[in-house]
Amino acid sequence: YVLALNTVVYAASAYSFRQAVWLYLSNVLLPVVALLLLHYNQLLDVTWVAAVFMGLAFGYVAVGQVFDRFQTVQRTRPGGLVSFAVPFYMPGYLLSALALAVASGDRSLALVIYSAGVVLYGASAWIFREPVFLYPAAWLVAVPYYLGMTLSPLPLDWYGLGWLPLIVGYMLVGRLVFHQEPLGIHNVRTFFSALIRPAMPFYLLAYGLSVTMIVLSAADMLLLSLAFGVAAALYLASGVLFRHALWLYPGLAALHLAMVVFLKAMDTGRPVSMVSLPLTAMTWLMALIGTAFSRSGSAYQTRPVAAADNELGQISGWARGQMFTAIVRAGWARPFLLFAIFDLLASQIVAFYDPQLAIIVAGANALLLGLLAVLWVDPVLPYAALAFGLLAAGFWFDLRGLSFATSLSLAAGFGFACYLLALAIEWLVGLSATRLKPLAIWNTPLVRASVAL
């Protein structure tokens with residue numbers, strides 16, 4: 001009774017003296033009075049404490065809004081104003097945090113209190129037009145969502161993929177509701193500047209949950225492969241959403257990990273070298289997609305062409321092929337081409353200890369490089385294609401058990417075949433100089449290879 005009377009006295013003092021400092025005293029005493037009342041009535045447990053604290057938090061914010069609407073202020077100095085609403089807002093949000101902490105130990109209670117916290121902070125973001133309130137509002141949603149999963153019949157191993165609907169929901173809300181203008185993220189400095197944008201809380205939590213999804217799925221290889229695949233789709237879609245090629249790197253990395261983990265999950269006792277076949281297929285896919293992006297024009301270039309050409313001018317002419325130029329220009333083709341190079345080398349290394357697979361992989365790589373040489377009209381790629389073709393021939397020699405002398409004689413025959421092929425290409429280009437002109441890049445590499453062999 002004494003504390004309740006003091007609460008009234010301090011509130012009246014604030015009105016009488018027009019000083020907001022008295023409201024801090026009354027608003028701090030009110031939760032204490034509420035706790036004493038609960039204790040007196042033998043209701044002092046986590047359920048009632050969390051409910052009272054959260055209820056007071058809503059009440060304080062509502063009363064603060066009343067003062068804000070009436071623009072009740074205290075003049076502290078010439079030109080300085082202090083709102084009477086502040087003594088209600090500060091204890092209100094502090095009590096909401098205490099309510100969340102108290103409710104954390106009870107699953108059913110936390111489901112209700114955290115949902116109420118989402119409403120409180122979401123309403124605060126709308127009332128104050130402050131995106132900072134969206135961070136607790138968005139992040140608190142994950143708690144009742146997770147508690148809902150624990151109360152559902154969903155198996156424990158599927159909890160990781162269970163986050164997918166929430167991740168998609170965050171991305172849709174961020175993009176369709178709050179992403180009204182470009183975020184303008186180009187480096188670390190602009191990233192921190194964009195943190196105050198309303199869409200950022202939803203994007204950050206969505207990407208954080210994508211990592212959690214992968215970690216929680218690690219107990220089952222098949223689920224882990226599916227989680228990597230979903231993450232790859234999310235990151236690749238983010239590249240389209242934000243129109244930035246940087247997202248393609250984690251997306252393609254997750255896609256490759258999904259393939260590797262899936263092959264591990266489907267392990268039937270086959271040798272590790274069999275992985276080289278799907279890697280070869282991935283090499284073709286990456287290279288062809290990168291080529292398609294490169295041919296799509298400047299819309300998919302992320303660096304000024306002039307700056308890239310200045311760097312290219314410092315490189316020797318022999319090494320400056322068209323494909324290398326596309327990589328330096330840092331367009332959307334770069335991630336695919338870099339991963340294609342990595343897959344090409346990895347597939348050949350993995351297949352090295354199985355001659356039959358090595359012949360298939362080297363032949364496929366030679367064929368791909370030959371195709372890219374024509375598509376890019378790149379004078380460097382024919383040499384790489386011939387190198388892989390000779391590598392396939394070397395593995396075939398080894399598989400057949402041919403002697404060194406026999407292998408040299410066959411190599412000489414291959415050299416003569418290269419020279420005949422160069423003559424045939426020259427003749428074909430002469431017949432149709434317009435359509436078959438890209439084939440002319442093979443003449444010099446084939447002649448040089450024939451002489452060397």
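In which helix is Lys264 found? Lys264 belongs to helix H12, residues 248-265. The model is predicted. Its secondary structure comes to 20 helices and two strands. Of the 453 residues in the protein, 40% are buried.

**Overall build**

- Among contacts between residues at least 6 apart in sequence, 66% join residues at least 24 apart.
- The exposed surface of the protein is about 24,700 Å². Carbon and sulfur atoms supply 71% of that area.

**Nonpolar cores**

- The largest nonpolar core holds 65 residues. Ile113 and Tyr170 touch the most other members of this core.
- Another core, of 35 residues, lies apart from the largest one. Among its residues are Trp332, Leu337, Leu369 and Cys418.
- Ile113 is in contact with Ala50, Ala51, Met54, Ala99, Leu100 and Ala103, leaving aside neighbours within four places in sequence.

**Helix H10**

- H10 covers residues 200-216. Its 17 residues should span 24 Å at 1.5 Å a residue, and its end C-alpha atoms are 24 Å apart, so the two values agree.
- Buried residues in H10 include the aromatic residues Phe202, Tyr203 and Tyr207. Met200, Pro201, Leu205 and Ala206 are also buried, as are Leu209, Ser210, Met213 and Ile214.
- The cover over the buried residues of H10 includes five helices: H6 (134-151), H7 (159-162), H8 (164-178), H9 (188-193) and H11 (221-242).

**Helices H11 and H12**

- Gly229 sits in H11. Gly229 counts as partly exposed because its relative accessible area is 29%, between the 20% and 50% cut-offs.
- Gly229 and Met259 are 30 residues apart in sequence. Their C-alpha atoms are 8.2 Å apart in space.
- Arg243 lies in the loop between H11 and H12. Its phi is positive, about 55 degrees, although Arg243 is not a glycine.
- Most residues other than glycine have a negative phi.
- Arg243 has 70% relative accessibility, so it counts as exposed.
- Lys264, in H12, is exposed too, because its relative accessibility is 54%, over the 50% cut-off.
- Lys264 and Ser225 are 39 residues apart in sequence, but 9.2 Å apart from C-alpha to C-alpha.

**A buried acid in H16**

- Asp343 is found in H16, residues 333-350.
- Asp343 is buried yet has no salt bridge. Which side chain of opposite charge is nearest to Asp343? That side chain is Arg334, 16 Å away. A salt bridge needs a nitrogen-to-oxygen distance within 4 Å, so Arg334 does not qualify.
- Asp343 touches His256, Leu279, Met282, Thr283 and Met286, not counting residues up to four places away in sequence.

**Helix H18 and its flanks**

- Val377 is placed in the loop between H17 (355-376) and H18. Val377 has a positive phi of about 50 degrees, although it is not a glycine.
- Val377 counts as partly exposed because its relative accessibility is 39%.
- H18 covers residues 381-400. Its 20 residues should span 28 Å at 1.5 Å a residue. Its end C-alpha atoms are 29 Å apart, which agrees.
- The buried residues of H18 include Phe388, Phe395 and Phe397. Leu381, Pro382, Ala385, Leu386, Ala392 and Ala393 are buried as well.
- Gly401 follows H18. Its phi is positive, near 70 degrees.

Definitions and conventions: Residues are numbered from 1 along each chain as its sequence is written. This is a predicted model: local features need pLDDT of at least 70, side-chain atom pairs count only at pLDDT 80 or more; totals for chains, interfaces and linings use all residues. Side-chain values use heavy atoms; hydrogens and water are left out. A nonpolar core is a set of buried Ala, Val, Leu, Ile, Met, Phe, Trp, Tyr and Cys residues joined through side-chain atoms within 4.5 Å. Buried means under 20% relative accessible area, exposed over 50%, partly exposed in between (1.4 Å probe, protein chains only). Contact means heavy atoms within 4.5 Å. Helices (H or I, at least four residues) and strands (E, at least two) are DSSP runs, numbered from the N terminus. The expected span of a helix is 1.5 Å times one less than its number of residues. Accessible areas come from the Shrake-Rupley method with a 1.4 Å probe; for residues, only the protein chains shown count as cover. Lys and Arg count as positive and Asp and Glu as negative; His and the chain ends are not counted.
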